[in-house]
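Student: I would like to learn how to read the places where protein chains meet and the spaces that they enclose. Could we work through an example together?

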Amino acid sequence: MTYSYAFLDEATKRMIRRAILKAVAIPGHQVPFGAREMPLPYGWGTGGIQVTASIIGRSDVLKVIDQGADDTTNAVSIRRFFARTAGVATTTHTAEASIIQTRHRIPERVLQPGQIIVYQVPMPEPLSRLEPRVVESTKLHALADYGLMQVRLYEDIARHGRSASAYNHPVMVNGRYLMSPSPIPAFDNPKMDRMPALQLFGAGREKRIYAVPPYTSVKSLDFEDHPFDPIRAPHPCAICGATDSYLDEIVTDDVGGRMFVCSDTDHCEERAP
Amino acid sequence: MSAPLMQATGLTLNFGRIRALDDVGISIWPGEVVAIVGESGSGKSTLLRVLSGQAQADAGQVLYDGQDVGAMTEAGRRRLLRAEWGFVHQNPRDGLRMAVSAGGNIGERLMAQGNCHYGNIRKSAASWLQKVEIEVDRLDDLPRTFSGGMQQRLQIARTLVTEPRLIFMDEPTGGLDVSVQARLLDLIRALVAELGLAVLIVTHDIAAARLLAHRIVVMRHGRVVEEGLTDRVLDDPQHPYTQLLVTSVLAA
């Protein structure tokens, strides 16, 4: 059996490209689109795959990461999916990739102009847990009425002494739209600001696409006297010794042994002796 | 005398065959407390909703500070509702965020206006908590750990923190026991005098109206049947319905 190029039929890809163009034109604004059934379940990156399928061409080089790693099940199977259906070259090297599909991380290596990073998004609406009514949250976006989000930050600081969101920390895009950065660690938020690469976000279950064009300002929400201050585990990487990368904590035995290693496996391999 | 802060004329609203408002006119001047009294179903709360822009009348006009509220954009109305107006609900659960601490509740309107300094927000939340006679150490407690009277006072603090010019109150003392009611009325009276607020208060409690209001508007079947200074209306009621209302008040 033969599939259409990159699995989706051409009409669907055109529909998704239109949504992407609109999303790029209104940075941070969520554009609804008709998400299709994909050959893997919701929550496994169906939104990201549909975005990637709509923009990928034969000369592209694809990298897929899951929590920073190139070798996890999700990353391997999505990479193989596009190798089979689109016949594209794949890579694990950030520098070589033209499209990077990611779940929950931004690579440590600074992305370059011309690269595209596609985020898999479980919940695109940053206000969802504060305002249950979709109609109302749409209105709040339209009126840029974001006091509610600030209330959540206030609550975090009042209860925990600091902003408690270690991941999915809400951002203001281009000074206008409040946006969920997808569940990347707060550590990665500053990388989104004025990034030279195009950032696309796809949420398959929620049927939303949004985008941040290159060199757009992305500011993490905070208070003047409690500036945004992401957490990084205070250790060097046990493999490559990096002191400036985001670390995973790995339990090594059942007597409390643990090690901290780079979450970005490509970054770590490049640096390791 | 200066122009009224809010002036409504010819308000009419039908719910199907039921006439909820029938050619209602009402004015309120800065610093004035006006009570709307009447039995259940007389259109009091509907009038309040129409005046505050939460419902649209079939006919008639509401002017606030010279602007037509009905012709405003949604953005303009919301800006008024969070900056210049306040709404105190009968049930504090409708006006408070129950999953957010007392401090967060009070600070919400400040943050909605773009205030981004945690320390300042917290300071004014604490001072408002004191003004409504709640211990400052309850600042980080959730409203559901508060008694009914305290929740209502918290709702008032949350509404007044941005120092609005006009407050709508829908039966603010409903559902509270008598001694708590008395304290709340005292508090409202003191704050209104201190801040020079204009208040439109809907109540079926004649005694509360006498205590708080400068003027009384009596409604029945969606119509204003009598209107005047509080003491005049209550001591010398003209309309038969007002006479009935005044004589039905139970004396302790």
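Student: Which helix gives the most residues to the lining of the largest pocket?

Tutor: Please keep in mind that this is a predicted model. The helix to look for is H2(B), which gives the most to that lining, with five residues. Other elements that each supply at least two residues of the lining include H4 and H5 of chain A, and, from chain B, strand E6 (85-88), helix H3 (92-95), helix H4 (102-112) and helix H6 (148-160).

Student: How many residues line the largest pocket, and which of them lie nearest its centre?

Tutor: The lining comprises 33 residues, and those nearest the centre are Glu136(A), Arg78(B), Leu81(B), Arg97(B) and Arg158(B). The space in this pocket comes to about 1,200 Å³, and its lining residues divide into 15 charged, nine polar and nine nonpolar.

Student: Two of those central residues interest me, so to speak, as a pair: what do Glu136(A) and Arg78(B) form, and how far apart are the closest N and O atoms?

Tutor: Glu136(A) and Arg78(B) form a salt bridge, with 3.1 Å between the closest N and O atoms. Between chain A and chain B the count is three salt bridges, and across the same interface the rule finds ten residue pairs in polar contact, where both residues are at pLDDT 80 or more. On the side of chain A that touches chain B, the elements giving two or more residues are helix H4 (134-142) and helix H5 (147-160), and H5(A) gives the most, with nine residues. By class, that side of chain A divides into nine nonpolar, eight charged and three polar residues.

Student: How should I read the area buried between chain A and chain B?

Tutor: The size of an interface is often given as the accessible area lost when the parts come together. Here the area buried between chain A and chain B is about 1,800 Å², and carbon and sulfur atoms give 59% of that area. Within chain A, the residues that lose the most area to chain B are Leu143(A), Val151(A) and Tyr154(A), which together account for 32% of what that side buries. Counted by residues, the contact takes 20 from chain A and 21 from chain B.

Student: Turning from the pocket to enclosed space, how many cavities of 30 Å³ or more does the structure hold?

Tutor: The structure holds one cavity of 30 Å³ or more, and the space in the largest cavity is about 30 Å³. Its lining is made up of Ile156(B), Leu160(B), Met169(B), Ile188(B), Leu191(B), Val192(B) and Leu197(B), and the elements that give two or more residues to this lining are H6 and helix H7 (178-195) of chain B.

Student: Which helix gives the most to the lining of the largest cavity, and how do the lining residues divide?

Tutor: H7(B) gives the most, with three residues, while the lining as a whole divides into seven nonpolar, no polar and no charged residues.

Note on methods: Residues are numbered from 1 along each chain as its sequence is written. Chains are lettered from A and ligands numbered from 1 in the order in which they are written. This is a predicted model: local features need pLDDT of at least 70, side-chain atom pairs count only at pLDDT 80 or more; totals for chains, interfaces and linings use all residues. Side-chain values use heavy atoms; hydrogens and water are left out. Contact means heavy atoms within 4.5 Å. Buried area is the accessible area (1.4 Å probe) that two parts lose on being put together, summed over both. A salt bridge is a side-chain nitrogen of Lys or Arg within 4 Å of a carboxyl oxygen of Asp or Glu. A polar contact is a pair of N or O atoms within 3.5 Å; within protein, one must be able to donate a hydrogen and the other to accept it, and residues adjacent in sequence count only if both atoms are side-chain atoms. Helices (H or I, at least four residues) and strands (E, at least two) are DSSP runs, numbered from the N terminus. Ala, Val, Leu, Ile, Met, Phe, Trp, Tyr, Cys and Pro count as nonpolar, Asp, Glu, Lys and Arg as charged, and the others, Gly among them, as polar. On a 1 Å grid over the protein atoms alone, a cavity is a set of points where a 1.4 Å probe fits but cannot get out, and a pocket is an open set with protein on both sides within 12 Å along at least five of seven lines; lining residues have an atom within 4 Å of a point. Grid points are joined across faces, edges and corners, and a volume is the space filled by probe spheres set on the points.
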